[in-house]
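Good morning, everyone, and thank you for making time for this. Please take a look at the model first, and then I will walk you through a few places in it.

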Amino acid sequence: MKKTFLYTFILIASLSFSLAQAQKNGVSNLQTEMLDNPEGIDVLQPRLSWQINAEGNDVKQTAYQIMVASTLENLNANKADLWDSGKVTSNESVNIIYNGKKLGDRQNAFWKVTVFTNKGEIKSATTAHFSIGILTYADWKSTRWIGYEKLSKDDSVSQYSRLSARYLRKEIDLKKQVKSAKVYIMGMGLYELYINGNKIGDQVLAPVPTDYTKNVKYNVFDVTAQLKEGKNMLGTILGNGRFFAMRQDYKPYKIKSFGMPKMALQLFVEYTDGSNEVIRTDDSWKLTTDGPILSNNEYDGEEYDARKEMKGWNTTNFDDKSWVNARYVQEPGGFFEAQMSPNMKIMGEVKPISIKATAKETYILDMGQNMVGWLQLKVKGKSGDQITMKFAESLQKDGSLYIANLRDAKTTDVYTLKGEGEEIWEPRFIFHGFRFVEISGFLTKPTLDNFVGKVVYDDIKTTGTFESSDATMNQIFKNAWWGISGNYKGMPIDCPQRNERQPWLGDRTTGAYGESFLFDNQTLYAKWLDDIKYSQTQDGGLPDVAPAFWRYYGDNVTWPGTYITVADMLYTQFSDKEVIKKQYPTMKKWMVYMEENYLRNDLMDKDKYGDWCVPPESLELIRSKDPARMTDGEVLSSAFYYQLLGIMKKFATIANEENDIAHYDDLAVRIKKAFNAKYLNTSTNSYANNTVTANVLPLAFGMVPENVKEKVFQNMVHEIEVTKQGHISTGVIGTQFLMRTLTNFGRGDLAFKLASNKTYPSWGYMVENGATTIWELWNGNTADPTMNSQNHVMLLGDLMIWYYENMAGIKSNPEKPGFEQIIMKPDFNAGLTFVNASYESIHGLIKSDWKKGKSNLVWKITIPANTTALVYLPTTNASDVKVNNVKVSKSYQIENNKVVLELPSGTYEINANNIK
Ligand code: BGC
């Protein structure tokens with residue numbers, strides 16, 4: 001549990017500054033935004049970050065001083081009893097490593113920062129806070145795991161496993177006045193916690209799923225306000241989540257169950273007189289399995305009988321005679337760790353757009369959007385009446401639900417009324433991926449007002465907006481937003497609807513990078529890298545699914561390689577070096593394992609999935625059988641491995657493992673040589689069987705010999721433009737590099753064609769066919785239902801990266817990661833006439849809003865304080881350019897026929913005439 005190494009933790013201070021001196025110098029409205037005030041981290045040297053939002057231009061940090069104190073009073077009195085960094089001359093404002101007194105178990109820390117800028121000194125007006133969790137296993141030891149490990153009458157462990165929720169309660173008597181109190185809870189698979197009848201926190205489906213035999217996450221809450229002197233009632237409900245009997249009993253290599261729900265909890269209370277008390281789970285807790293939640297199963301849905309509600313069960317005013325004492329149960333097996341990534345929350349609501357009666361006295365509700373979460377129901381009726389809601393993504397021709405693509409997931413919620421006037425209900429321990437709901441049981445026709453869709457995903461901020469002159473591209477962006485967010489479930493899952501919902505690595509290889517523009521996914525992916533690390537076999541193998549609920553240890557390159565590419569994303573986008581230092585040994589072990597086992601004749605001959613999901617020759621197929629559409633596995637895995645060697649080389653420097661570099665270099669040279677010798681056809685200037693994927697990978701990874709590079713590119717362009725008539729022909733692998741490679745080699749217009757196409761196969765074809773998310777297959781409207789989800793994100797490839805980096809012109813300079821320097825280089829000639837995009841980087845808000853006339857360009861940009869931007873303009877003549885109405889006369893460069901300006905922070909309007 002205890003981490004001796006530094007860990008990735010970003011605390012963005014919520015500080016609002018305003019100082020007369022700063023204002024005098026043109027810096028006003030300085031403030032930063034709070035992302036988090038984390039309770040219970042198990043990192044001894046957390047990293048601190050802040051943002052400076054300045055209205056004036058050219059604001060640079062010159063120094064900072066951080067103060068950290070153990071109490072707010074101390075901090076307010078400038079008594080930095082934990083750490084006073086002193087004035088540090090530095091422009092760094094993100095990921096500053098805490099370097100004060102050793103932090104201890106459950107330590108509270110309050111901090112603030114003074115920023116010195118070229119425009120004056122800025123002090124924080126408010127403070128930020130974090131606290132340390134429980135650092136040692138010993139501190140949990142006297143806390144017992146409790147539960148109840150028997151099936152009740154209607155429970156079953158079968159293909160459609162059922163288990164009623166566990167309700168637990170414990171009355172506590174606090175003898176004195178409470179000064180502060182924190183609760184540390186591990187509730188497996190899912191918990192809800194109450195104190196005196198009030199739910200603690202707004203999280204749902206908590207905690208995040210893990211391989212519970214490897215690590216178990218605890219959540220921490222400050223509950224001072226909820227407790228009072230005297231009698232108090234603690235209550236929890238435990239659901240199954242991923243812990244109990246998921247649907248995989250028919251395949252032995254899938255983990256079907258971690259056991260029955262169980263929990264451990266500690267409540268630390270500090271009294272005003274300075275004394276302490278700890279309340280822990282033990283067998284004095286009372287438990288019942290006879291509550292209203294009859295069954296809860298992520299695939300099948302939740303069943304709730306309101307007649308069985310136990311009014312006041314989580315308050316002191318309740319008779320629990322019929323409850324039993326909780327039983328002591330075995331620990332889950334994994335180490336206990338603070339959860340450092342967000343829980344899910346209800347992030348939004350969707351109002352349905354139509355309801356239609358069917359012939360069978362059922363109704364079909366249309367949410368208007370393929371969404372992930374659940375439906376809140378409002379209903380009146382008699383006790384015992386039952387409402388059944390079945391969820392699906394689309395309808396069949398006859399208007400009934402299309403459920404074949406859900407496989408054997410039942411996706412059905414059942415509510416039994418208590419008959420007490422208007423009843424409002426929503427499930428707790430399940431989610432569905434759906435747009436349509438078949439509703440039965442209403443005696444009179446329900447209206448739209450009877451239902452509200454609750455949108456559930458990780459509590460992650462949307463960081464990006466994008467709008468352009470192309471309506472298809474705009475709709476694809478919206479679909480991507482819905483698809484990405486909906487599949488964030490404490491880990492990135494492949495799809496939210498069928499009996500799968502697994503964290504497949506290969507679906508996010510490059511996608512995670514694109515997603516990072518739309519969502520602040522840093523801590524989610526840092527957690528996922530831990531999941532991957534924990535899933536490594538002793539000899540070094542990595543699975544295709546992690547946590548390895550499905551134990552797919554097939555040893556290939558493309559899926560497990562995601563471990564490395566996602567770490568690279570965290571570095572590029574968030575300047576996160578610690579994550580690399582932490583994961584480096586495991587990454588290296590896997591690289592070596594693959595090399596030792598599968599490198600033959602300097603090529604990687606291990607591949608499992610091919611270029612997964614290429615557009616097939618016939619519209620019903622899931623997988624193409626046509627060899628001309630498929631790319632040789634050795635081509636994919638060798639090229640991918642080559643790319644990973646390059647990333648590992650960069651990581652070796654960051655992780656202070658420079659000795660490894662020579663080997664990576666040597667191997668890369670050998671692979672490149674063998675790859676070109678075997679697969680490059682110099683008479684046709686193409687690779688392997690000349691699929692677009694076979695050509696785009698070596699082009700993107702820099703494997704093509706200089707003298708034929710252009711020719712190979714032109715050959716690939718011919719394949720796309722002529723042979724495929726301007727359409728996509730790549731699957732999950734090729735699509736990850738297609739858009740950027742086309743643009744980087746000068747054919748942004750062809751990339752734009754692919755992005756704005758409406759005919760098959762294309763993202764726009766999905767839109768034309770009513771998709772409101774992204775499909776698993778290019779032919780998602782016609783393919784065999786056994787593998788045809790309508791909400792998968794893997795086919796996005798590098799599309800979102802291309803939207804931001806190449807169309808909006810918002811890219812982090814790899815030399816100055818985390819957007820310390822922004823490369824603003826939109827392809828103005830791709831085909832769009834305007835783009836208006838924004839991205840909230842860790843340094844602050846970046847905006848790019850450009851509009852092109854026949855020969856002129858108006859470009860409004862915002863560059864956050866303490867960063868700079870390289871701004872590329874489509875002209876060679878600086879005198880045609882005005883920045884904030886002032887002609888550019890000096891300090892510019894010409895690069896590839898473009899005027900390049902290096903601009904400091906601020907807001908600018910750039911006008912350019914005679915653009916090319
Ligand atoms: C999943 C994919 C995954 C693939 C790999 C599918 O069933 O839904 O997203 O990557 O299997 O085989």
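Before I point to any loop, I should say that helices (H or I, at least four residues) and strands (E, at least two) are DSSP runs, numbered from the N terminus. With that in place, Gly189 sits in the loop between β14 (178–188) and β15 (190–195), and a cis peptide bond, with omega about -20°, joins Met188 to Gly189. Another cis peptide bond joins Ala546 and Pro547, where omega is about -5°, and Pro547 belongs to the loop between α5 (522–534) and α6. Most residues other than glycine have a negative phi, and most peptide bonds are trans.

I should be careful about what we are looking at: this is a predicted model, in which local features need pLDDT of at least 70 and side-chain atom pairs count only at pLDDT 80 or more, while totals for chains, interfaces and linings use all residues. Residues are numbered from 1 along each chain as its sequence is written, and side-chain values use heavy atoms, with hydrogens and water left out.

Let us follow that loop into α6, which covers residues 562–574 and reaches 17 Å from its first C-alpha to its last, close to the 18 Å expected at 1.5 Å a residue; the expected span is 1.5 Å times one less than the number of residues. Is this helix buried or exposed? Buried means under 20% relative accessible area, exposed over 50%, and partly exposed in between, using a 1.4 Å probe and protein chains only. By that rule 13 of the 13 residues of α6 are buried, so the helix is largely enclosed by the rest of the structure. Just after α6, Ser575 takes a positive phi of about 55°.

Asn601 also has a positive phi, near 50°, and this residue, in the loop between β39 (599–600) and β40 (603–604), counts as exposed at 72% relative accessibility.

Finally, I come to the ligand, and to polar contacts, meaning pairs of N or O atoms within 3.5 Å; within protein, one must be able to donate a hydrogen and the other to accept it, and residues adjacent in sequence count only if both atoms are side-chain atoms. A polar side-chain atom of Asp494 lies 2.7 Å from an oxygen atom of the ligand, the side chain of Asp507 has an N or O atom 2.4 Å from a ligand oxygen, and for His792 the corresponding distance is 2.9 Å.
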